[in-house]
Amino acid sequence: MAQLLKKVWESISNDWYSSHSSLNSLYNLDYRALVHGSLSDQIIICSSSIGAFDRLPLDIFMQILKLLGPKEAARLTSVCKSWKFMVSDNTLWIYFLQNQQDPWDSIFFAETNLRSGFPLRTYRRQMQSFMHIYGERAEVPGAVIIDGGAGYCKFGWSKYDSPSGRSATFVEFGNIESPLYSRLRHFFATIYSRMQLKSSTQPIIVSIPISHYEDNGAAKAFRSELEEAVYSALFGMKVPAVCAVSQATLALFSARRTSGILVNIGFHQTSVVPILHGKVMHKVGVVTVGVGAVKLTEYLREQLRQRNLHISSLYTVRSLKENLCYVSLDYEAELQKDTEASYEVASEGWFTLKQERFQTGEILFQPHIAGMHAMGLHQAVAHCVDRCRAAKVTTDHTWFNTIVLAGGTACLPGLAERLNKELHDLLPPSLSSGLRVISSPYGADSAWYGAKLVGNLSTFPNSWCITEESWSKSKRTILW
């Protein structure tokens with residue numbers, strides 16, 4: 001180790017003396033001040049003797065540690081107490097964490113809000129040893145992630161950058177008349193086969209689709225049946241540990257929030273879900289609107305037919321929707337503008353849209369345009385906000401102030417701004433003050449990325465998963 005440090009020091013020393021003026025500019029340092037300044041503030045003093053390292057400028061010492069990397073830096077804690085203190089500095093390990101594949105702000109959110117598992121507890125920043133967290137994250141085995149979804153399922157490994165595959169969702173998988181347990185078992189076996197994994201090798205995180213969220217006996221019975229079927233199917237396949245969480249909760253995590261209102265514009269419907277500290281608030285009430293991504297795609301196709309553009313493939317129409325459509329801030333004013341734009345669909349050619357570009361997304365706010373009898377998105381969210389305030393489930397009256405949009409359709413440009421405007425126009429100032437609408441950065445894959453945060457936690461799987469033995473003993477309360 002000493003030889004390695006000497007080589008690094010010699011390299012840096014040569015650069016230092018040959019181009020000290022540029023280095024001074026880089027680090028914003030006065031080299032002479034470092035030599036003659038306060039040793040306690042600027043010099044590392046160590047009782048061990050390895051040449052020039054006995055009296056080393058702090059910034060240069062930290063640069064050396066960064067060059068060595070996390071493994072070699074961690075080994076230096078055994079040199080002496082002074083070095084252990086310096087190597088353990090959070091700034092250094094935050095630097096190492098920032099250079100991992102996951103965004104630093106997501107890592108920080110997860111490690112300070114999700115480490116405890118459920119129920120969630122928030123850890124203060126000063127309580128964190130990021131050196132310890134880095135080491136724990138390096139040992140985490142990762143997890144298989146299966147995001148059930150309403151339109152299709154996304155699956156992959158938590159160490160991957162994105163889902164590795166897609167399939168039919170388990171709600172619609174197999175023979176719909178078969179028992180739920182049999183369908184789930186077949187579904188999970190198919191996913192493991194596609195991933196070429198043995199079910200007994202990895203923990204699993206399953207996101208439960210947003211459905212049957214009412215606070216009544218029938219909905220509770222279905223959720224209980226689904227819980228029994230999910231755990232029974234997976235433990236029957238010898239999965240070592242299972243984490244089953246609401247798709248809405250995971251989507252909220254992807255936006256680095258644990259409390260708020262999750263607006264999921266799903267495949268068939270839109271769900272407005274109040275979530276407090278990671279738990280769906282069934283007693284407050286989930287609001288659903290029968291307008292989803294499919295309705296928008298079908299409405300766009302119908303508009304194009306009225307212009308004698310007959311497109312049989314919904315995939316082509318969806319491509320046009322995703323690449324050309326947007327939500328206007330002021331619908332009536334937009335009607336007066338020239339909004340024509342074109343897009344080329346692979347193997348299909350060029351298509352030109354005019355007012356269809358913003359009329360398609362408008363049915364989220366004015367469903368009657370498409371002949372549907374349903375409340376607008378802004379009305380559904382306002383209704384949920386009013387319920388949250390009336391419920392008084394916590395002394396913190398700001399927990400529902402953040403409204404997070406998720407789902408592929410949530411990526412339509414202008415949607416967050418329009419919803420924010422409509423809510424402030426619709427709600428009284430006492431409710432609208434402080435409300436903020438944001439979009440999850442991951443669109444249709446929001447729940448998958450939320451599960452990725454959980455699966456890569458330094459405390460995973462112990463904090464979030466249950467084993468067959470613990471489940472059979474405790475029958476732990478479901479998290480969806």
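In this predicted model, the charged end of Lys 154 sits over the ring of Tyr 152, at 5.0 Å from the ring centre. A second lysine does much the same kind of thing elsewhere: Lys 66 lies over the face of Tyr 95, with 4.6 Å to the centre of the ring. Tyr 95 also has aromatic company, as ring pairs join it with Trp 93, Phe 96 and Tyr 134 in a cluster.

Aromatic pairs turn up 19 times in the structure. Take Phe 253 and Trp 464: their ring centres are 6.1 Å apart and their planes stand at 75 degrees, which is over the 60 degrees needed, so this pair counts as edge-to-face. Phe 253 belongs to helix α13 (residues 247–254), while Trp 464 comes from the loop between α21 (446–455) and α22 (468–474), so the contact ties together parts that lie 211 residues apart in sequence. Both partners are tucked away from solvent. Phe 253 has a relative accessible area of 0% and is buried, and Trp 464, at 2%, counts as buried too.

Another edge-to-face case involves Trp 399 and Phe 400; here the planes are at 90 degrees and the centres 5.5 Å apart, so the geometry again passes the 60-degree mark. Trp 399 and Phe 400 are both buried.

On to the cysteines. A disulfide is a covalent bond between the sulfur atoms of two cysteines. Searching the whole structure turns up zero disulfides. Cys 465 shows how one candidate fails: the closest cysteine sulfur to its own belongs to Cys 243 and is 5.0 Å away, whereas a disulfide would need the two sulfurs within 2.5 Å, so the gap is too far for a bond. Cys 465 itself is buried, with 11% relative accessible area. Cys 411, by contrast, counts as partly exposed, at 48% relative accessibility.

Finally, there is a helix pair to look at. Packed helices are described by the angle between their axes and by the distance between those axes. For helix α18 (residues 377–391) and helix α19 (residues 415–426), the axes come within 9 Å and cross at roughly 60 degrees. An angle like that falls between the roughly parallel range, under 35 degrees, and the roughly perpendicular one, which starts at 65, so α18 is oblique to α19. As for handedness, the crossing of α18 past α19 is right-handed.

Note on methods
Residues numbered from 1 in each chain as written. Predicted model: local features only at pLDDT ≥ 70, side-chain atom pairs only at ≥ 80, totals over all residues. Heavy atoms only, no water. Phe/Tyr/Trp six-rings, centres within 6.5 Å; stacked < 30°, edge-to-face > 60°. Helix = DSSP H or I, 4+ residues; strand = E, 2+ residues; numbered from the N terminus. Buried < 20%, exposed > 50% of the residue type's maximum accessible area, 1.4 Å probe, protein only. Lys NZ or Arg CZ within 6 Å of the ring centre and 35° of its normal. Axes fitted to C-alpha atoms, helices over the stretch in contact; angles between N-to-C directions. Parallel < 35°, antiparallel > 145°, perpendicular 65-115°, else oblique. Left-handed = near helix turned anticlockwise from the far one by under 90°.
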